[in-house]
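Here is a short set of exercises to work through with the model open in your viewer. Try each task before you read its solution.

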Amino acid sequence: MRETNPLYGISAAIMRGILKLGVNFGYRPKIVYENKAVKKYIKKHPVIFTPNHGNYKDGPVIYFKFPRCALMIAKDWYEHKGIRWVTYSKDAIPLDRTGLDTGWLRSAVSMIKDGKNVLIFPEGHTTDDGEIDKFKAGFIMLSVMTGAPVVPMYIDGEFHPFLGKRLKIYVGDLENLTEEGKSLNSDYMEKECNRFRNILIEMKENYSTK
């Protein structure tokens, strides 16, 4: 298999380097922290990133800009040869969006226990109209099972590559799940999904016009 060839891993690492340069020079992402303590925290402790998802670029940008970040990838995307090549030997978690797949959760729990940050797009898909759709409960399940705090992010999709407006990523504060009724029952997860969605909507209102 190609994966057993040492050149496969080397070429994947080179491509990741090229893509990282492309992200830095093309999008010139600016990261803005609401609380500077969060920047220090995520360097030493695992968290669950929950950004909005307006474009396919969101995952690669966060993946390359934040330390120890494991990227959740839709299985239908992950099965593309190019995606598997670029993420070879790195932390990527395929997720089956059409079935009752729980393998991703076991992998994500393992990543958190290993000190990795896990990136989940709670909407489960991109939204072309800029609105923030309903959240799916996967990140709630992961936080309940690991105790890792959630860090909301708002990605301002308005930017112009290379010489124009920079892409901005606004990083919210550390958010823990509410203790009252904390469990994996559907009512609790729906309530928490709505709470975190409202946090992200508020961040959008605060930052999208700046």
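**Exercise 1. Thr50 in its surroundings**

Task: Decide whether Thr50 is buried or exposed, and find which residues it is in contact with, leaving aside its neighbours within four places in sequence.

Solution. Keep in mind throughout that this is a predicted model.

Step 1. The relative accessible area of Thr50 is 1%, and buried means under 20%, so Thr50 is buried.

Step 2. Thr50 lies in strand E2.

Step 3. With neighbours within four places in sequence left aside, the contacts of Thr50 are Ile120, Pro122, Phe139, Val150, Val151, Pro152, Met153 and Leu200.

**Exercise 2. The overall layout**

Task: Count the helices and strands of the chain, then work out the order in which the strands form the sheet.

Solution.

Step 1. The chain has eight helices and seven strands.

Step 2. The seven strands form an open sheet with mixed pairing, in the order E1-E7-E6-E2-E5-E3-E4. At its edges are strand E1 (30-33) and strand E4 (92-95), each pairing on one side only. On average, neighbouring strands are turned by 25° against each other, direction ignored.

Step 3. For a view of the whole chain, note that 41% of its 210 residues count as buried. Of the contacts between residues at least 6 apart in sequence, 68% join residues at least 24 apart.

**Exercise 3. Strand directions**

Task: Determine which way E7 runs relative to E1 and to E6, and do likewise for E3 and E4.

Solution.

Step 1. E1 and E7 are joined by four bridges in the parallel sense, and Tyr33 is found opposite Val171 in E7.

Step 2. E6 and E7 run antiparallel and are also joined by four bridges. Here Tyr154 is opposite Tyr170 in E7.

Step 3. Strand E3 (residues 69-74) and E4 run parallel, again with four bridges; Ile73 has Pro94 in E4 as its bridge partner.

Step 4. Now look at the two faces of E7. In a regular strand, side chains alternate between the two faces of the sheet. Lys168 and Tyr170 are on one side of E7, Ile169 and Val171 on the other, and all are buried, so both faces are covered.

**Exercise 4. Helices against the sheet and each other**

Task: Find how H1 is oriented relative to H3, and which strands H3 lies across.

Solution.

Step 1. The axes of helix H1 (residues 6-27) and helix H3 (residues 58-65) come within 10 Å and cross at roughly 105°. That angle falls in the range 65 to 115, so H1 is roughly perpendicular to H3.

Step 2. On the H1 side, the contact involves Arg16, Leu19, Lys20, Val23, Asn24 and Tyr27; on the H3 side, Val61, Phe64 and Lys65. These residues divide into five nonpolar, one polar and three charged.

Step 3. H3 lies across E1, E2, E3, E5, E6 and E7, and runs at about 165° to E3. Helix H7 (residues 138-146) also packs on the sheet, where it touches E2, E5 and E6 and makes about 165° with the direction of E2.

Step 4. Helix H6 (residues 103-113) has Gly103, Trp104, Leu105, Ala108, Val109, Met111 and Ile112 buried. Their cover includes E2, E3, E4, E5 and H7. Just after H6, Gly115 has a positive phi of about 90°.

**Exercise 5. Aromatic rings**

Task: Classify the ring pair of Tyr170 and Tyr207, then examine the surroundings of Phe66.

Solution.

Step 1. A pair of aromatic rings is described by the distance of the centres and the angle of the planes. For Tyr170 and Tyr207 the centres are 4.1 Å apart and the planes at 0°, so this pair is stacked.

Step 2. Tyr170 belongs to strand E7 and Tyr207 to helix H8 (residues 186-207), 37 residues apart, so the pair links distant parts of the chain. Both Tyr170 and Tyr207 are buried.

Step 3. The structure holds five aromatic pairs, and ring pairs link Phe135, Phe139 and Phe196 into a cluster.

Step 4. Phe66, in the loop between H3 and E3, is buried with a relative accessible area of 4%. Beyond its neighbours within four places in sequence, Phe66 is in contact with Ile31, Tyr33, Ile42, Phe49, Met153, Ile169 and Val171.

How values were computed:
Residues numbered from 1 in each chain as written. Predicted model: local features only at pLDDT ≥ 70, side-chain atom pairs only at ≥ 80, totals over all residues. Heavy atoms only, no water. Axes fitted to C-alpha atoms, helices over the stretch in contact; angles between N-to-C directions. Parallel < 35°, antiparallel > 145°, perpendicular 65-115°, else oblique. Contact = heavy atoms within 4.5 Å. Nonpolar A, V, L, I, M, F, W, Y, C, P; charged D, E, K, R; others polar. Pairing = 2+ DSSP bridges. Phe/Tyr/Trp six-rings, centres within 6.5 Å; stacked < 30°, edge-to-face > 60°. Buried < 20%, exposed > 50% of the residue type's maximum accessible area, 1.4 Å probe, protein only.
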